[in-house]
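Reader: Please take one histidine in this model and describe its setting in detail. After that, go through the charged pairs and the loop that follows in the same plain manner.

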Amino acid sequence: MSTVTVKVEFGGGLELLFSNERSHRVTIPALVPASGQPAQTESSDDAPKKPADLAYLIFWLKDNLLKERAELFVENGTVRPGILVLVNDADWELEGEGEYQLKDGDEIVFISTLHGG
């Protein structure tokens with residue numbers, strides 16, 4: 001099975017939700033369920049697949065690395081408002097947001113712009 005390895009970083013306080021670790025190296029399948037969400041059970045080989053994208057990575061991070069308070073990271077199927085997402089140092093809005101297809105070696109950065117005052 002083919003995989004994609006990406007570097008994921010968290011800043012602006014988001015790292016506190018991920019075991020207080022700022023940087024992670026994540027390996028996910030290159031082809032994922034067409035639904036866009038990680039399968040809860042083993043899926044059959046004939047299930048529809050698509051290339052891994054940023055939306056899949058967000059769900060994978062929530063299900064596998066997030067340690068607490070999922071509502072501070074994900075809302076309505078995407079990252080919550082106030083989280084800046086960078087793909088290889090470019091705003092994810094320029095890259096197609098969740099539809100961006102991940103490539104081996106990509107750097108994805110999540111930065112919270114919401115701070116207490």
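Author: His 24 sits in strand 2, which covers residues 23-29. The model is a predicted one, and the values given here are computed from it. With a relative accessible area of 12%, His 24 is buried, because buried means under 20%. Its side chain has a polar atom 3.1 Å from the backbone oxygen of Glu 21. Leaving aside residues up to four places away in sequence, His 24 touches Val 6, Lys 7, Val 8, Phe 10, Phe 18 and Leu 65.

One of those contacts, Lys 7, leads to the charged pairs. Lys 7 is joined to Glu 9 by a salt bridge between their side chains, with an N to O distance of 3.1 Å. The two partners fall into separate accessibility classes: Glu 9 is buried at a relative accessible area of 15%, whereas Lys 7 is partly exposed at 22%. The boundary that matters for this pair is 20%, since a residue is buried under that value and partly exposed from there up to the exposed class, which is over 50%. The pair also belongs to a wider arrangement, as Lys 7, Glu 9 and Arg 22 are linked in a network of salt bridges. His 24 therefore touches a member of that network, namely Lys 7, and is itself buried at 12%.

The count of salt bridges comes to 6. Among them is the one between Arg 69 and Glu 71, where the closest N and O atoms are 3.0 Å apart. Arg 69 is partly exposed, with a relative accessible area of 46%, and Glu 71 is likewise partly exposed, at 43%. Another joins Arg 80 to Glu 75, and there the closest N and O atoms are 4.0 Å apart. That distance stands at the cut-off, because a salt bridge needs the nitrogen within 4 Å of the carboxyl oxygen. Arg 80 counts as partly exposed at 22% relative accessibility, and Glu 75 counts as partly exposed at 33%.

The loop remains. Gly 12 lies in the loop between strand 1, residues 3-11, and strand 2, the strand that holds His 24. Gly 12 counts as partly exposed, at 34% relative accessibility. Along the chain, Gly 12 and Ile 83 are 71 residues apart, and their C-alpha atoms are separated by 9.0 Å.

Technical notes: Residues are numbered from 1 along each chain as its sequence is written. This is a predicted model: local features need pLDDT of at least 70, side-chain atom pairs count only at pLDDT 80 or more; totals for chains, interfaces and linings use all residues. Side-chain values use heavy atoms; hydrogens and water are left out. Helices (H or I, at least four residues) and strands (E, at least two) are DSSP runs, numbered from the N terminus. Buried means under 20% relative accessible area, exposed over 50%, partly exposed in between (1.4 Å probe, protein chains only). A polar contact is a pair of N or O atoms within 3.5 Å; within protein, one must be able to donate a hydrogen and the other to accept it, and residues adjacent in sequence count only if both atoms are side-chain atoms. Contact means heavy atoms within 4.5 Å.
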